[in-house]
Amino acid sequence: MDQNKYLRHWTIAIPVLSWLFYFGSFIFSSGYYSVVLTFLLLASVIASVYHSEVLAHRLGEPFGTLLLAFAITVIEVGLIISIMLGAKGLETITLARDTVFAAVMLILNGIIGICIVIGSLRYREQAFTLKGVSTALITLTAVVVFVLILPNYTVSHGGGEYTSFQLLFIALICLSLYLGFTMVQTIRHRSFFRPPQKNAVPENTDSRKGILGGKSIYVSGFMLVVSLGIVVMMAKLLSKDVEYLVMAVGAPRSAVGIIIAGIVLLPEALAAIRAAGNDEIQTSLNLAFGSALASIGLSIPAIAIISVISGIRMTLGIDIKSTVLLGLSLFIITVSLATGKTNIMQGVVLVGIFLIYLFTSIVP
């Protein structure tokens, strides 16, 4: 197999060029320069998807999707923490909540919905392993309730906030559930997260060895780190422009969290949609649920620790409108994925919920 197919020059040149322009921002500052940085940011996201797919191709399921989910979470945590530490006062008290909630809604309704629609248009129905999806759903439902809904009903601290002790305890439980899910996904029940037609393959069969050379693996691994690093730095650099744009159009501050979540999840969304178009809906679902779980199970513990150490307040509880939409999303996706097969109507309904979420967020 030609290694040049997996090491296209642009996926190496773009992240390097992006780093150069990032450092150039300390010298040059203008609206046009910000536009160039935005295009380089998007190009770096695509490059990170490319390198993560190379590694995923080598590692196989479910390790490949787990790697990308972890990488996306690193971006999210780095971005949220950097903005929280760089702001003053109560400017970012709801940033973590808005970003995590937006990520969950985008994944459950936007990414999965679009993947189902695209897969159904090309293949009518697509099958997946129900045991893996149900395992991910019960874990995700628990951590979502712990983080986004329960804070509204505790009495030790008002306003949808946990006390420091409560926050650390909830963070520990979420991290434990995520680690438990990861062990199930990668060790104990790996077959649950493989496509149905591949479940009969023995666990110790490693047919993917030799698919890619060592050079491809090392280069792609290094460039994935470089790409993700510049995505975090550029997103942080452009965050003020994003906030200014949100305020200029009269949208609520929560829209900043939606934009951050969209930037963070763009690599995963592209990879999931591409997999659905290749009749690999199992990979799409693994990516989506893995990212949603990592977004809470890894992001919240890391952000909680920084919040407690630095003394930054953090509101996690969502309002009634958001609770209704979140509950509807979890109910619809649970019912939709209960048969082990997807059809186009399931995807259309999920996309519809996502559009309602976006509309009511911008026009509350």
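**Entry 1: Getting my bearings**

Before I look anything up, I note that a helix here is a DSSP run of H or I with at least four residues, while a strand is a run of E with at least two, and both are numbered from the N terminus. With that settled, I can place Met345 in helix α12. I also remind myself that this is a predicted model.

Next I looked up the elements of the chain. I found 12 helices and 2 strands. Reading from the N terminus, I wrote down the order α-α-α-α-β-α-α-α-α-α-α-α-β-α.

How much of the chain is buried? Of the 364 residues, 52% are buried. For the outside, I noted an accessible surface of about 16500 Å², with 70% of it belonging to carbon and sulfur atoms. I then turned to contacts with a separation of 6 or more, and 84% of these join residues 24 or more positions apart.

**Entry 2: A nonpolar patch**

I went back to Met345 and asked whether this residue is buried or exposed. Met345 has a relative accessibility of 51%, and the cut-off for exposed is over 50%, so Met345 counts as exposed.

Which residues join Met345 in a nonpolar patch on the surface? I found Leu121, Ile344, Val348 and Val349 there with Met345, and together the five have about 440 Å² of accessible area. Helix α12, which covers residues 344-362, gives the most to this patch, with 4 residues.

**Entry 3: Two salt bridges**

How many salt bridges does the structure hold? I counted 2.

One of them joins Arg97 and Asp98, and their closest N and O atoms are 3.2 Å apart. I checked the burial of this pair too: both Arg97 and Asp98 are buried.

In the other, the side chains of Glu125 and Lys341 meet, with 4.0 Å from N to O. This pair links distant parts of the chain, since Glu125 sits in the loop between α4 (95-123) and β1 (126-127) and Lys341 sits in strand β2 (residues 341-342), 216 residues apart. Glu125 counts as partly exposed because its relative accessibility is 47%. Lys341 is partly exposed as well, at 44%.

**Entry 4: Positive phi angles**

I stayed in the loop between α4 and β1, where Arg124 lies. Arg124 is not a glycine, yet I found a positive phi of about 65° for it. With a relative accessibility of 71%, Arg124 counts as exposed.

I made the same sort of note for Asp279, which has a positive phi of about 60° and is not a glycine either. Asp279 lies in the loop between α8 and α9 (281-297). At 38% relative accessibility, I put Asp279 down as partly exposed.

**Entry 5: A pair of helices**

A reminder to myself: two packed helices are described by the angle and the distance between their axes.

I tried this on helix α5 (residues 130-149) and helix α11 (residues 320-336), whose axes come within 12 Å and cross at roughly 175°. Why are α5 and α11 called roughly antiparallel? The label is given to angles over 145 degrees, so this pair qualifies as roughly antiparallel. From α5, the contact is made by Leu137, Thr141, Val144, Leu148 and Ile149, while α11 brings Thr323, Leu326, Leu330, Ile333 and Thr334.

**Entry 6: Some buried residues**

I began with Thr11, in helix α1 (residues 9-24). Its relative accessibility is 0%, so Thr11 counts as buried. What does Thr11 touch, leaving aside its neighbours within four places in sequence? I listed Ala47, Tyr50, His51 and Met223.

Then I moved to Ser44 in helix α2 (residues 31-59). Ser44 is also buried, at 0% relative accessibility. With neighbours within four places in sequence left out, its contacts are Ile14, Pro15, Ser18, Ser227, Ile230 and Val231. I also looked up Ser44 and Trp19: they are 25 residues apart in sequence, and their C-alpha atoms are 9.9 Å apart in space.

My last stop was Ala255 in helix α8 (residues 254-277). Buried means under 20% relative accessible area, and Ala255 has 8%, so I marked Ala255 as buried. How far is Ala255 from Ala102, in sequence and in space? The two are 153 residues apart in sequence and 8.9 Å apart from C-alpha to C-alpha.

How values were computed:
Residues numbered from 1 in each chain as written. Predicted model: local features only at pLDDT ≥ 70, side-chain atom pairs only at ≥ 80, totals over all residues. Heavy atoms only, no water. Patch = residues over 30% accessible without salt bridge, like charges linked within 9 Å, V, L, I, M, F, W, Y side chains within 5 Å. Areas by Shrake-Rupley, 256 points an atom, 1.4 Å probe, with all protein chains shown as cover. Buried < 20%, exposed > 50% of the residue type's maximum accessible area, 1.4 Å probe, protein only. Axes fitted to C-alpha atoms, helices over the stretch in contact; angles between N-to-C directions. Parallel < 35°, antiparallel > 145°, perpendicular 65-115°, else oblique. Contact = heavy atoms within 4.5 Å.
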